[in-house]
Amino acid sequence: MSAGPRRRRLTGRLRVALPPAEAFRLFTPYGERDWVEGWEPLFPEAAEDDTAPGTVFQTHADGANTTWIVLRREPGRSVSYARVREGAHAGTVGVTLAPVPQGHSDVTVTYDLTPLTAAAEAELAGFAAGYPAFLRSWEDAIAAHLARAAGALPGDGASGESGRRRD
């Protein structure tokens, strides 16, 4: 791997048209199924509460498996995960929600990832370059989901744009 920066700590924000207590669910393993095309977390052990610290789940995307572990949560305020994408990178993802006027939430999302291979280092550099657009795709997908839930749009799933996948 190169001698340049390897670890990537990326932080960005998006707005969700729900108060934090309601928006929180959208950033949980079960809740993301509502707005992320193809998101289907698999739990090796039954998880009644998918945000309980220590809960383990896996996802599969783009030919790779990612293992996630819930590190901590404050319902309605924040949740953080450890994650390891086999043979690629390892690190954490944190989501923090804050109330804003009109009953909306400002959501801060931080990915802190370290590449495990030279190829993954290049992949993370690309991810970092596209991070603002990545979070905009989340905001758009969530807004579309909320509009469908309110009966404003036909359809029952988010569009398949690859930027919306988070594994």
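# Exercises on a sheet and two helices

In strand S6, Thr108 is the bridge partner of Arg13. The model used in these exercises is predicted.

**Exercise 1.** Determine how S6 (residues 104-115) is paired with S1 and with S5.

*Solution.*
Step 1. Take the S1 side. Besides the bridge from Arg13 to Thr108, Val16 has Ser105 of S6 as its bridge partner. S1 and S6 run antiparallel and are joined by nine bridges.
Step 2. Take the S5 side. Here Asp106 of S6 lies opposite Ala98. The S5-S6 pairing is also antiparallel, with twelve bridges.
Step 3. Look at the connection. Three residues separate S5 and S6, which form a hairpin, and Gln102 in the turn has a positive phi of about 70°.
Step 4. Check the burial of S6. Nine of its twelve residues are buried, so the strand is mostly covered, taking buried as under 20% relative accessible area.

**Exercise 2.** Place these strands in the whole sheet and identify which strands stand at its edges.

*Solution.*
Step 1. Write down the order. The sheet is open and has six strands, arranged S1-S6-S5-S4-S3-S2 with antiparallel pairing.
Step 2. Read off the ends. S1 (8-16) and S2 (56-61) each have a single partner strand, so one side of each lacks a neighbour in the sheet.
Step 3. Add the twist. On average, neighbouring strands are turned by 25° against each other, direction ignored.

**Exercise 3.** Find which strands helix H2 (residues 118-129) touches, and which of the residues of H2 are buried.

*Solution.*
Step 1. List the contacts. H2 packs on the sheet and touches S1, S4 (78-85), S5 (89-100) and S6; the direction of H2 makes about 160° with that of S6.
Step 2. Check the length. The twelve residues of H2 reach 17 Å from first to last C-alpha, close to the 16 Å expected at 1.5 Å a residue.
Step 3. Sort by burial. Ala120, Glu121, Leu124 and Ala128 are the buried residues of H2. These fall within an arc of 105° when seen down the axis, so they line one face of H2. Ala119, Ala122 and Ala129, on the other side of H2, are exposed.
Step 4. Identify the cover. S1, S5, S6 and H3 are among the elements that cover the buried residues of H2.

**Exercise 4.** Repeat the analysis for helix H3 (residues 131-149), starting from its position across the sheet.

*Solution.*
Step 1. Locate H3. The helix lies across S1 and S6 and runs at about 30° to S1.
Step 2. Test the span. For the 19 residues of H3, 1.5 Å a residue gives an expected 27 Å, and the end C-alpha atoms are 27 Å apart, which agrees.
Step 3. Sort by burial. The buried residues of H3 include Tyr131, Phe134, Leu135, Trp138, Ala141, Ile142, His145 and Arg148. The buried residues cover an arc of only 165° around the axis, which puts them on the same side of H3. Their cover includes S1, S6 and H2.
Step 4. Look past the end. Gly151 follows H3 and has a positive phi, near 85°.

**Exercise 5.** Describe the packing of H2 against H3 by angle, distance and contact residues.

*Solution.*
Step 1. Give the geometry. The axes of H2 and H3 come within 4 Å and cross at roughly 65°.
Step 2. Name the residues. H2 contributes Phe127, Ala128 and Ala129, and H3 contributes Tyr131, Pro132 and Phe134.
Step 3. Classify them. The contact has six nonpolar residues, no polar ones and no charged ones.

Definitions and conventions
Residues are numbered from 1 along each chain as its sequence is written. This is a predicted model: local features need pLDDT of at least 70, side-chain atom pairs count only at pLDDT 80 or more; totals for chains, interfaces and linings use all residues. Side-chain values use heavy atoms; hydrogens and water are left out. Two strands pair if DSSP finds at least two bridges between them. Axes are lines fitted to C-alpha atoms, for helices over the stretch in contact, and angles run from 0 to 180 degrees between N-to-C directions. Contact means heavy atoms within 4.5 Å. Ala, Val, Leu, Ile, Met, Phe, Trp, Tyr, Cys and Pro count as nonpolar, Asp, Glu, Lys and Arg as charged, and the others, Gly among them, as polar. The expected span of a helix is 1.5 Å times one less than its number of residues. Buried means under 20% relative accessible area, exposed over 50%, partly exposed in between (1.4 Å probe, protein chains only). The arc is that of the directions from the helix axis to the C-beta atoms.
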